[in-house]
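Here are some friendly notes to read with the model open beside you. Take the points one at a time, and find each residue on screen before moving on.

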Amino acid sequence: MFKKTSFSNPDDEKRFNHFFQQNQAIFARQLFNGFIPFDCSSLKGQITLFPAQKGLKEIDFLRICPRKAGIWVALSEKAWCILAKFNLPPTHRIPVRVDEFAQQYYLIGFPMITTDAIDFTPSEFIHISSREIVRYDNHHAYENRADLFDIAPSKIVIRGYGYDVLNMATLYELNVAPEIIKEFTAHGCVGITKRNAVLVVHE
């Protein structure tokens with residue numbers, strides 16, 4: 001997605017790369033309590049993303065490669081307008097254009113929440129291989145489980161979080177409230193990946 005010609009202004013490229021390199025080096029900057037949104041007011045030129053395939057159908061969700069620490073996806077203007085109606089945590093929202101696409105796009109990223117915020121008593125996980133439901137008594141039991149790479153979330157409960165988007169470190173990249181998925185679908189947004197995890201954030 002990013003090429004040598006992605007930045008029309010060299011100062012923008014230096015500032016952008018430095019910011020996200022700092023995110024990579026200082027993990028706390030990617031977490032909720034240390035999250036710093038990128039300051040778009042400092043941009044002087046245009047950022048352009050280049051799809052890996054020429055002639056790609058215009059879609060509303062694009063994976064970013066190479067990955068930037070703190071950036072989740074590129075969203076179309078249509079998808080962003082839907083998402084912005086919901087209760088969002090602090091957000092990176094960086095305007096970009098996508099080569100050969102007509103819509104405005106935004107690089108979007110949200111702060112991560114660590115797994116010690118999970119209320120493990122009502123939360124459920126699933127064995128990927130056997131499809132059996134697994135529960136853990138607490139965070140210590142989860143962190144010290146024997147099956148490190150065979151577990152996926154089924155129902156995650158985080159009390160008092162209150163936002164409609166959750167970026168949970170180590171479990172998955174991003175989960176959104178079911179109402180957001182319904183809105184994306186109702187408006188014909190193309191390119192979203194639906195996951196099996198059920199997320200509960202408002203209990």
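**Notes on the predicted model**

1. Let us begin in a loop. Ser130 is found in the loop between β7 (124-127) and β8 (133-134). Keep in mind as you look that this is a predicted model. Ser130 is partly exposed, with a relative accessible area of 38%. To get a feeling for distance, try Ala74 as a second landmark: the C-alpha atoms of Ser130 and Ala74 are separated by 34 Å, and the two are 56 residues apart along the chain.

2. Now step back to the whole protein. Its secondary structure comes to 4 helices and 12 strands. The radius of gyration is 18 Å, close to the 17 Å that the globule rule gives for 203 residues, so the protein is as compact as a globular protein of that length. The C-alpha trace spans about 50 × 40 × 30 Å along its principal axes.

3. How much of the protein is buried? Buried residues make up 46% of the 203 residues. The protein exposes about 10800 Å², and carbon and sulfur atoms supply 52% of that area. Among contacts with a separation of 6 or more, 67% come from residues 24 or more positions apart.

4. Next, look for the open sheet of 5 strands. Its order is β1-β4-β5-β3-β2, and the pairing is mixed. Why is one side of β1 and of β2 (61-62) left without a neighbour in the sheet? Both stand at the edges, each with a single partner strand, so one side of each has no neighbour there.

5. Within that sheet, follow strand β4 (residues 92-98) and its partners. Strand β1 (residues 48-49) runs parallel to β4, and 2 bridges join them; the bridge partner of Leu49 in β4 is Val98. With strand β5 (residues 104-109), β4 runs antiparallel, joined by 6 bridges. Two pairs to find here are Arg93 opposite Ile108 and Val96 opposite Tyr105. Between β4 and β5 the hairpin has 5 residues, and in this hairpin Glu100 takes a positive phi near 75 degrees.

6. Strand β4 also rewards a look at its two faces. Which residues lie on the covered face of β4? They are His92, Ile94, Val96 and Val98, while Arg93, Pro95 and Arg97 make up the uncovered face.

7. A general idea helps with the next part: in soluble globular proteins, nonpolar side chains tend to be buried together. Here the largest nonpolar core has 21 residues, and those with the most contacts inside it are Phe2, Phe16, Ile47, Leu49, Leu62, Ile94 and Leu107. Helix α1 (10-25), β4 and β5 each supply at least two residues of this core. Apart from it lies another core, of 18 residues, among them Val73, Ala79, Tyr106 and Ala177. Leu62 is a good residue to explore: leaving aside neighbours within four places in sequence, Leu62 is in contact with Met1, Leu56, Val73, Ala74, Val98, Phe101 and Tyr105.

8. Polar residues can be covered too, and here are two to check. Asn23 is found in helix α1. Is Asn23 buried or exposed? With a relative accessible area of 1%, Asn23 is buried, because the cut-off for that label is under 20%. A polar atom of the Asn23 side chain lies 3.0 Å from the backbone oxygen of Ala69. Neighbours within four places in sequence aside, Asn23 is in contact with Arg29, Gln30, Ala69, Gly70 and His92.

9. The second is Ser76, found in strand β3 (residues 73-76). Ser76 counts as buried, at 0% relative accessibility. Setting aside neighbours within four places in sequence, Ser76 is in contact with Asp60, Gln103, Gln104 and Tyr105.

10. Finish with another open sheet, this one of 3 strands in the order β6-β10-β11, again with mixed pairing. The edge strands are β6 (112-113) and β11 (175-176), and each pairs on one side only. β6 and strand β10 (residues 165-168) pair in the parallel sense over 2 bridges. To locate the pairing on screen, look for Ile113, which stands opposite Met168 in β10.

Terms used
Residues are numbered from 1 along each chain as its sequence is written. This is a predicted model: local features need pLDDT of at least 70, side-chain atom pairs count only at pLDDT 80 or more; totals for chains, interfaces and linings use all residues. Side-chain values use heavy atoms; hydrogens and water are left out. Buried means under 20% relative accessible area, exposed over 50%, partly exposed in between (1.4 Å probe, protein chains only). Two strands pair if DSSP finds at least two bridges between them. A nonpolar core is a set of buried Ala, Val, Leu, Ile, Met, Phe, Trp, Tyr and Cys residues joined through side-chain atoms within 4.5 Å. Contact means heavy atoms within 4.5 Å. The radius of gyration is taken over C-alpha atoms; the globule rule is 2.2 Å times the number of residues to the power 0.38. Accessible areas come from the Shrake-Rupley method with a 1.4 Å probe; for residues, only the protein chains shown count as cover. A polar contact is a pair of N or O atoms within 3.5 Å; within protein, one must be able to donate a hydrogen and the other to accept it, and residues adjacent in sequence count only if both atoms are side-chain atoms.
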